[in-house]
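Student: Please take a close look at the salt bridges in this model, one pair at a time. I would also like to hear about the internal cavities.

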Amino acid sequence: MKKLLTGAPVIAAMASGAYAGGLDRTGQSINVLFEEGGATGSYFELSFAQTSPDLSGKGVGIAAAGLPSGTSYSDVGNSFWSIGTALKVRFSGKLSGALIFDQPYGADVSYSGNPGSTELGGTSAFAETNAITALVRYKFDQRFSAYGGLRIQTAEGEIDLSGLAYGPTEAMYPALPSEARRSANGYSVDLDRDTALGYVIGAAYEIPEIALRASLTYSSEITHEMKTKESGPNVEVTIPGLGGILVNPYEGSSTTDVKTPQSVNLDLQTGIAEDTLLFGSVRWVDWSEFRIDPKNFVNATGGGLVELEDTTTYQIGLGRRFNDQWAGSFAVSYEAETDKLVSPLAPSNGLWAVALGASYDMGDIKISGGARYTWLGDATPETGTPDVARADFKDNTALSLGMRIAYAF
């Protein structure tokens, strides 16, 4: 029964997080700890997935700038790969450990268009994280166990703000009154790669006779102190006796604290009939604590670059073994919509998804694969304080394809 978690859970681990919360890509699974392994109780897996989003929208216009609605933004989300690997080793009947590599969070969005004639043309964001998690699990008996360990993570990013939603271009200044010659259109920030440490703790309850397992896992936030380089347009300020002069409030280097969020994963499974397994999960992520607030940008504009809301993602599925070699699975995922007004850097809001998977068991080697289709919730990218809608994103989707090769030894 335990071997029925194939196919769709591969996509769950590797790509079900794609666009969950806008940035969550893997779900940070620790299920490798529960693999039985082979003769020595050891197990290794290599997983990879590609997600191809279809993320498009239309501008709502900016009346004050004379910009009508209807600007088309197509292919805003770029395709990306997720790669993971994991090793589980049994030290004794009660003690085991695991090393897990994944790429938990990321972003890759870009808006096409002229920054002087569109709301968001030229805006883009790229972020990448890589994490290695070292865990130890102790079994108190056949039913109760606890586990924990450390997670070392690297993170880096780059953000460009562009388009009339952030103000006029400098080329427009001569035709504008003095008080209107202030803008973030053309702002850019580079956040250098940083390495930081977090931790993971959890516990599990099992009834092996019916393949029942419930595990609860907490992952801490990780604070990165990222060397930051900012640049942007000049703005006009008035100095008594000198009148209006152009200065640049954005240029400079500093350090920005960026926290990747804490999260809680609840994973459940149980046998419900011979060769049939019911499985599910709930994942909560504290996105409201995730901020990117470069010093000069905050001083110049009074606000930060990214502000998100907490998300809870649910999944339920069935696994079925057809014979000694073949098994399949089906899963449904759901994430509730939050505020329709979202950051242009994460232009989706909630999701529904279905995943199909299959695995072929050759004894010590198992090959699993699957596909996941996601319907992304409608969203309205906004800028400014208070929030002002800049575009409508509707009827968007994403397709994820994944594969896992596992070896038990």
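Tutor: A salt bridge here is a side-chain nitrogen of Lys or Arg within 4 Å of a carboxyl oxygen of Asp or Glu. By that criterion the structure, which is a predicted model, holds ten salt bridges.

Take Asp24 and Arg283 to begin with. Their side chains meet in a salt bridge, with N to O at 2.8 Å. The two partners come from distant parts of the chain, 259 residues apart: Asp24 sits in the loop between α1 (8-14) and β1 (43-54), while Arg283 belongs to strand β16 (residues 276-285). Are these partners buried or exposed? Asp24 has a relative accessible area of 3%, so Asp24 is buried, because buried means under 20%. Arg283, at 8% relative accessibility, also counts as buried.

The pair Lys259 and Glu221 is another salt bridge, and its closest N and O atoms are 3.7 Å apart. Lys259 lies in strand β14 (residues 252-260) and Glu221 in the loop between β10 (212-219) and β11 (222-231), so this pair ties together parts that are 38 residues apart in sequence. Lys259 is partly exposed, with 31% relative accessibility. Glu221 counts as partly exposed too, at 30%.

A further salt bridge brings together the side chains of Arg291 and Asp293, at 3.5 Å from N to O. Arg291 has a relative accessibility of 28%, which puts Arg291 in the partly exposed class. Asp293 is partly exposed as well, with a relative accessible area of 31%. This pair is part of a network: salt bridges that share partners join Arg291, Asp293 and Glu307.

Now the cavities. A search of the whole structure finds two cavities of 30 Å³ or more. The largest cavity has a volume of about 300 Å³. It is lined by 27 residues, and those closest to its centre are Leu23, Ala127, Glu156, Phe290 and Ile292. Which strands each supply at least two residues of this lining? They are β6 (106-110), β7 (124-139), β8 (144-161), β11 and β14. Strand β14 is also where Lys259 of the salt bridge with Glu221 lies. By class, the lining of the largest cavity has 18 nonpolar residues, six polar ones and three charged ones.

Methods. Residues are numbered from 1 along each chain as its sequence is written. This is a predicted model: local features need pLDDT of at least 70, side-chain atom pairs count only at pLDDT 80 or more; totals for chains, interfaces and linings use all residues. Side-chain values use heavy atoms; hydrogens and water are left out. Helices (H or I, at least four residues) and strands (E, at least two) are DSSP runs, numbered from the N terminus. Buried means under 20% relative accessible area, exposed over 50%, partly exposed in between (1.4 Å probe, protein chains only). On a 1 Å grid over the protein atoms alone, a cavity is a set of points where a 1.4 Å probe fits but cannot get out, and a pocket is an open set with protein on both sides within 12 Å along at least five of seven lines; lining residues have an atom within 4 Å of a point. Grid points are joined across faces, edges and corners, and a volume is the space filled by probe spheres set on the points. Ala, Val, Leu, Ile, Met, Phe, Trp, Tyr, Cys and Pro count as nonpolar, Asp, Glu, Lys and Arg as charged, and the others, Gly among them, as polar.
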